[in-house]
Amino acid sequence: MKKTIKFIVIPFAVLVSFAALVIVSYRAARPRYKPDNVTDLFYDLSWLSDWPKWLDFPLSFPLNSGFDWIIVNYGLFFDGINNFLLGAYTLMKDALVGLPWPIVIALIIILTYFASGRRVGTTILVAFCTFFIGFLSPRYWDKCIMTICIVFIGMLLCLIVGIPVGIAMARNKKLRSALLPLLDLMQTIPSFCYLIPGILLFGLGAVPAIIAIFVYAVPPLIRLTDLGIRLVDKEVVEAAEAFGASKRQKLMGVQLPLALPNIMQGINQCTMMALAMVVIASMIGTRGIGDEVLLGLQQLNVGMATEAGIAIVLLAIIFDRITQSYGERLQEKTQPKKKIPNNAKN
Amino acid sequence: MPKIELKNVFKIFGDSPQEVLPMVQKGATKEKVLEDTGHTVGLDDVSVGIEKGETFVCMGLSGSGKSTLIRHVNRLIDPTSGEIVVDGTNVMELKEKDVLEFRKNHMSMVFQSFGLFPHKTVIQNVAYGLEIQGKKLEERNEIALNQIKAVGLNGFEYQYPGQLSGGMKQRVGLARALAPDNDILLMDEAFSALDPLIRADMQQQLIELQSRLKKTIVFITHDLDESLKLGDHIGILNDGRLVQVGTPEDIILKPADDYVSAFVKDVNRAKVLRARSVMLKPDDFNGRDNKPVDTFEVHEDVFIEEFLPRVLQDRSTVIVVDSQGNSKGQITEKELANALKKSE
């Protein structure tokens, strides 16, 4: 029974659908590309030398009409998303831009100091990088704040979606095999392919950039969360099960803490990719440090582009150091490497 | 009624085990099933009853299905067909939530590579079962401390598993399994990863604990000596089939088939056989004319190795007695020679 399906039914279905596609494309092709009569194709075989113009699957047409249909019918839905993200972005940006710059630097120092578990070296490095952004060019300060806000909101979105999806993938084999090609697609499809529709759906500005960051940066987080959970020692998970732990207890008490190194790696990758996306997003008019790079390139001003590039690298260092040192601190809690003094009393 | 009972349990690994089941039930061998259908037979018609308070050792080589078997008892693996009854409850009928309750309150497990939580301290590891049971922190710490003391690890409560040696880790594993005070203990090759000295030490510790606690223990091992030392009953698995179940003496003296005899061929019989199982009953020696001159008494549960040297040295005869001192039989050099001779 299974063999018939595998060797007869499936190949047959594939052949039929292929033939259907060819017929559809032939019918949809303009008359002047086609011979007057279908049967001519069998006598005049010249169409075999160059790719015939009638053999052209009209994919862009249904995609265009589908996209129009989405805008007309679900415009409100996208407006809602737009307003929400834009609201969050504006709120955060206005607050940070409004603050005097020494206070912003002080806030970042405080954040780093506590997030890294009171590591002085990391804090000094981050403070220095923050200072150097404005020091490079006073224009960069506000622009970098805009970029930080976009990246931050984009990453928040990635975390909210990415980690639960990663967990679900680790648990469900079918979901994993369904999602993996989608993740590949998200990573390989050129970013302009969704930046431009993003503009149509959300307008120019920060929101399509946030969406683009999400599409581009969420796959590594999902992959590494999934991998991290699946790599947790099987016997340890089995031990939790054998003691009657529920799925939730297993996840929160054992799998997530032990998958943390991988998840932190995913968050790190997510950050780096988000920052890489910022420059590309500037091409659709997203304000931020990316447009300085773009401007420099457009004016063939290599120095200016490099200066802005350095500012982005500094931003990356700031993001990376804060998240990584926070992750390391979490891991130290869960997986101590150092010898812990024996303070047991009998 | 047995505490744990497996009735005609089959387990087949693969895409569509139910379709392959009839073939296995008709008696197809593991190799044939694998060749024809690509399915692996884990357990093949296993039925066994394990009594309350005994140590049942399940022995077999790797791939014989012993780890699969033990995971059926707490339903970490579901059988393809068959019944598993624990304490009169058919475990197969439990819903998912009840299975969790059942694991929490009836059984604990010890693992080959310990299965300790690397991110928890020793005391948190030991208290894990209690935590899942929903006990309060003070209560579970108190119980956990006692268990840690019982396995001789006091002073290490706040260390992490990564800081302990293999033997110490398995003590933590044992303490963790004992902490919830469940009456069934599943031990999956618990001592196989330990070096021989520590292993013997742990076996001794288990025997002592068991003499006090009287748990029902299912112990998996690939080591015959270990199974003979620990087991009240031993089940020998080969290719998913339970080929023989019996006491250590049964296995040695009456191997059920070639597989088992090959297994027991090189065993040191003097270490395994007890006076009771090799002695001549009164009916057998009453006919003899020469009364033994030089005799000494030995309890019926004593292993041969303990009185063997004395018999050889003095040419004396052993009078086997029970706990009340009544004579049950006698052993001479001849019986010893017969008992220790390898079966061909």
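In this predicted model, helix 7 (residues 173-188) of chain A and helix 9 of chain A have axes that come within 8 Å and cross at roughly 145°. The crossing of helix 7 of chain A past helix 9 of chain A is left-handed. On the helix 7 side, the contact is made by A:R176, A:L183, A:M186 and A:Q187; helix 9 of chain A puts in A:V215, A:P219, A:I222, A:R223 and A:D226. Sorted by class, this helix pair brings together five nonpolar, one polar and three charged residues.

Helix 9 of chain A turns up again in the nonpolar core. The largest such core has 153 residues, and those with the most contacts inside it are A:I150, A:I210, A:I213, A:A217 and B:V218. Helix 9 of chain A, residues 206-231, gives the most to this core, with 16 residues. Over in chain B, domain 1 (4-267) and domain 2 (272-340) both give residues to this core, so the core lies between them. As background, nonpolar side chains in soluble globular proteins tend to be buried together. For a closer look at one of the core residues, take A:I213: setting aside residues up to four places away in sequence, A:I213 touches A:I150, A:V151, A:G154, A:A274 and A:M277. One of these partners, A:I150, is itself listed among the residues with the most contacts inside the core.

Next comes the contact between the two chains. Chain B contributes 25 residues to it and chain A contributes 23 residues. On the chain B side, helix 4 (96-106), strand 6 (107-110) and helix 6 (128-133) each supply at least two residues. Helix 4 of chain B has the largest share of that side, four residues. The chemistry of the chain B side is mixed, with eleven nonpolar, ten polar and four charged residues.

As for chain B as a whole, there are 17 helices and 13 strands. The C-alpha trace of chain B spans about 70 × 55 × 35 Å along its principal axes. Of the 344 residues of chain B, 43% count as buried. Among contacts in chain B with a separation of 6 or more, 67% come from residues 24 or more positions apart.

The domain assignment splits chain B into domain 1 (4-267) and domain 2 (272-340). Taken over C-alpha atoms, the centres of these two domains of chain B are separated by 37 Å. Their contact draws six residues from domain 1 of chain B and four residues from domain 2 of chain B. On the domain 1 side, the largest share, four residues, belongs to helix 11 (residues 248-253) of chain B. That side of domain 1 of chain B is made up of five nonpolar, no polar and one charged residues.

Finally, a lysine at the start of chain B deserves a word. B:K3 sits in the segment before strand 1 (4-13) of chain B. Is B:K3 buried or exposed? The neighbour count settles the matter: B:K3 has 21 C-beta neighbours inside 10 Å and therefore counts as buried, the cut-off being 20 or more. Leaving out neighbours within four places in sequence, B:K3 is in contact with B:I50, B:E51, B:K52, B:D87 and B:T216. The C-alpha atoms of B:K3 and B:G88 are separated by 7.5 Å, although these two residues are 85 residues apart along the chain.

Note on methods
Residues are numbered from 1 along each chain as its sequence is written. Chains are lettered from A and ligands numbered from 1 in the order in which they are written. This is a predicted model: local features need pLDDT of at least 70, side-chain atom pairs count only at pLDDT 80 or more; totals for chains, interfaces and linings use all residues. Two residues are in contact if their C-beta atoms, placed from the backbone, lie within 7 Å. Ala, Val, Leu, Ile, Met, Phe, Trp, Tyr, Cys and Pro count as nonpolar, Asp, Glu, Lys and Arg as charged, and the others, Gly among them, as polar. A nonpolar core is a set of buried Ala, Val, Leu, Ile, Met, Phe, Trp, Tyr and Cys residues joined through C-beta atoms within 7 Å. A residue is buried if 20 or more other C-beta atoms lie within 10 Å of its own, exposed if 12 or fewer, and partly exposed in between; C-beta atoms are placed from the backbone. Domain bounds come from an automatic or database domain assignment. Axes are lines fitted to C-alpha atoms, for helices over the stretch in contact, and angles run from 0 to 180 degrees between N-to-C directions. A crossing is left-handed if the near helix is turned anticlockwise from the far one by less than a right angle, and right-handed if clockwise.
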